[in-house]
Amino acid sequence: MLLSPACLVLAVVTLAPIGFLVATSFTDYNQRTLFTGEYANVGLQQYTELLADNAFWVSLLRTVIFTAAMVAGSVLIGMGVSHLLTRLGRGWRYTVTVVLIVAWAMPNVASSLVWNWLFQPGYGIANWALARLGVFGDTTSLNWAQDPTLAYLAIWLLIVWQAVPFIALTLNAAETQVPTEYLEAARLDGASEYAIYRIVTLNHLRPTLLLVTILSVIWDYNVFNQIWLISRGGPGDATSTLGVFTYKTAFVGFHIGHGAAVSVVTTLILLGLTAVYIRNLLKSGEDL
């Protein structure tokens with residue numbers, strides 16, 4: 001009885017839309033349906049066409065590669081910031097922690113719009129700073145969104161910047177729990193600081209590091225706002241990941257049934273990643 005209100009809310013805001021999504025993926029729901037309400041059940045046709053669509057597989061491959069790059073950057077930099085926090089004095093540690101929390105608390109749409117402004121040609125601060133360095137010549141009019149490599153770099157920097165605070169603070173909480181006697185024993189044995197971090201600290205961080213990595217994979221795999229607001233999947237389809245591909249299919253081309261099928265496939269992949277996360281959560285002894 002006590003759980004029923006929460007279950008009812010979840011059913012309305014989560015289960016009902018998912019059910020509608022799955023049902024739509026078996027129809028030819030399109031722009032005509034929005035005006036007339038007419039549609040036809042097509043069975044597995046949407047899925048058959050999707051699996052035969054080369055653009056889907058290219059988008060999936062692009063998503064996997066980009067996710068791996070974002071997760072690697074976020075986790076590695078987060079590990080570095082986490083370890084840095086253990087070396088700072090109390091005042092600087094509090095200052096860096098507050099800065100990380102502020103960066104983490106910013107809505108990703110707002111930060112994406114500001115980030116897009118920073119890289120704008122003509123008046124963007126990033127282009128201005130690079131031009132002042134003089135290493136890359138005159139970059140004042142450089143349009144990052146029109147170059148595939150630069151567009152990916154700008155998006156990668158944004159997502160890593162947004163992800164590092166959570167990873168750094170989570171790992172730092174775990175790193176402060178490493179028994180000091182182990183660290184002191186390693187130093188007495190003559191181990192270098194790098195060896196101590198690699199052998200002692202990382203060994204204690206392994207469960208937390210694994211869970212943070214899995215969570216980062218799930219979040220970064222499903223990134224849409226940052227890519228759409230900076231490059232809209234362009235130039236061409238160079239930065240069109242599965243999220244952008246789904247949006248364009250369903251709400252730009254109005255092939256809503258086909259877009260629903262893409263969403264179902266994406267959801268199944270994310271469910272697989274979530275199952276891995278829950279399995280490791282249980283193995284690490286945490287409560288669900």
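**View A. A nonpolar patch sits on the surface, built from Leu8, Val9, Leu10, Val12 and Val13.** Together these five side chains' residues offer about 490 Å² of accessible area, a value from the Shrake-Rupley method with a 1.4 Å probe, where only the protein chains shown count as cover. To join a patch, a residue needs over 30% relative accessible area and no salt bridge; nonpolar side chains (Val, Leu, Ile, Met, Phe, Trp, Tyr) are linked within 5 Å, like charges within 9 Å. A salt bridge here is a side-chain nitrogen of Lys or Arg within 4 Å of a carboxyl oxygen of Asp or Glu. Leucine 8 belongs to helix 1 (residues 4-24); helices are DSSP runs (H or I, at least four residues), numbered from the N terminus. Leucine 8 has a relative accessible area of 57%, so it is exposed (over 50%; buried is under 20%, partly exposed in between, 1.4 Å probe, protein chains only).

The model is predicted: local features need pLDDT of at least 70 and side-chain atom pairs 80 or more, while totals for chains, interfaces and linings use all residues. Numbering runs from 1 along each chain as its sequence is written, and side-chain values use heavy atoms, without hydrogens or water.

**View B. Helix 7 (residues 125-133) has a buried side, with Ala126, Asn127 and Ala131.** These residues share one side of helix 7 because they cover an arc of only 135° around the axis, taken from the directions from the helix axis to the C-beta atoms. Helix 6 (108-118) is part of what covers them, with contact meaning heavy atoms within 4.5 Å. Turn to the face away from the buried side and you meet the exposed Arg132 and Leu133. Right after helix 7 comes glycine 134, with a positive phi near 75°.

**View C. A cis peptide bond links glycine 234 and proline 235.** Its omega is about 0°. Most peptide bonds are trans. Proline 235 lies in the loop between helix 11 (225-230) and helix 12 (242-252), and at 22% relative accessibility it counts as partly exposed. Leaving aside residues up to four places away in sequence, proline 235 touches Ala145, Gln146, Asp147 and Pro148. That loop also holds arginine 232, which has a positive phi of about 55° without being a glycine.

**View D. Phenylalanine 254 is a non-glycine residue with a positive phi, about 60°.** Look for phenylalanine 254 in the loop between helix 12 and helix 13 (256-283). With 27% relative accessibility, phenylalanine 254 is partly exposed.

Methods
Helices (H or I, at least four residues) and strands (E, at least two) are DSSP runs, numbered from the N terminus.
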